[in-house]
Amino acid sequence: CQETTFSGFTREFVSQIVASVDALSMFFFWAMVMWLGKKQDDAVDAFDAKTCTAEDYTVEICGLPAGLPIDAPKGPLEEVDNPIHPGPFPGSPTGKGVEMKKT
């Protein structure tokens, strides 16, 4: 009881129509997913432009000499060897002209 036609059309023609509709719907779905991704990226960028976070002011410093102390020294202020910026300020090897107050 198998018919070779479907409402006057051959099975091959009907299967091609069904496959074409399926391919078209899959293309439409893919296009909508791509559009949604772009809209989400645009919304994130617009929201990020309106907000100010610590990430906006984060700075990466490269080229620091190895072996620097991780923690700030505790205790009274005394002259130390500063490998980053030797200059006339307390804590530098050439702290001339700067009064160092001991507490």
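**Close-up views of a predicted model**

The structure holds two aromatic pairs. One of them, F27 with W30, is shown in the first view. The model is predicted.

**View 1. F27 and W30 form a tilted aromatic pair.** The ring centres of F27 and W30 lie 6.0 Å apart. The angle between their planes is 35°. The pair counts as tilted because that angle is neither under 30 degrees nor over 60. Both residues belong to helix α1. They sit three residues apart, so about one helical turn separates F27 from W30. F27 is exposed. Its relative accessible area is 53%, and the cut-off for exposed is over 50%.

**View 2. Four residues make a nonpolar patch on the surface.** The members are F9, F13, I17 and V21. Together they offer about 380 Å² of accessible area. Helix α1 gives the most to this patch, with three residues. V21 lies in helix α1. V21 is exposed, at a relative accessible area of 54%.

**View 3. K38 and D42 form a salt bridge.** The structure holds one salt bridge. The closest N and O atoms of K38 and D42 are 3.1 Å apart. This pair counts as a salt bridge because 3.1 Å falls within the 4 Å cut-off. Both residues lie in helix α1. Four residues, about one turn of the helix, separate K38 from D42. K38 is exposed, with a relative accessible area of 51%. D42 is partly exposed, at 36%.

**View 4. Helix α1 and strand β1 mark the two ends of the confidence range among the elements.** Helix α1 spans residues 11-50 and has the highest mean pLDDT, 94. Strand β1 covers residues 5-6 and has the lowest, 76. The protein as a whole averages a pLDDT of 77. A score of at least 70 is reached by 67% of the residues. Where pLDDT is low, the predicted coordinates should not be read in detail.

**View 5. The chain follows the pattern β-β-α.** One helix and two strands make up the secondary structure. The protein has 103 residues, and 4% of them count as buried. About 9,700 Å² is exposed. Carbon and sulfur atoms supply 64% of that area. Among contacts with a separation of 6 or more, 2% come from residues 24 or more positions apart.

Key
Residues are numbered from 1 along each chain as its sequence is written. This is a predicted model: local features need pLDDT of at least 70, side-chain atom pairs count only at pLDDT 80 or more; totals for chains, interfaces and linings use all residues. Side-chain values use heavy atoms; hydrogens and water are left out. pLDDT is the predictor's confidence in each residue, from 0 to 100. Rings of Phe, Tyr and Trp (its six-membered ring) pair if their centres lie within 6.5 Å; planes under 30 degrees apart count as stacked, over 60 as edge-to-face and the rest as tilted. Buried means under 20% relative accessible area, exposed over 50%, partly exposed in between (1.4 Å probe, protein chains only). Patches are made of residues with over 30% relative accessible area and no salt bridge: like charges are joined within 9 Å, nonpolar side chains (Val, Leu, Ile, Met, Phe, Trp, Tyr) within 5 Å. Accessible areas come from the Shrake-Rupley method with a 1.4 Å probe; for residues, only the protein chains shown count as cover. A salt bridge is a side-chain nitrogen of Lys or Arg within 4 Å of a carboxyl oxygen of Asp or Glu. Contact means heavy atoms within 4.5 Å.
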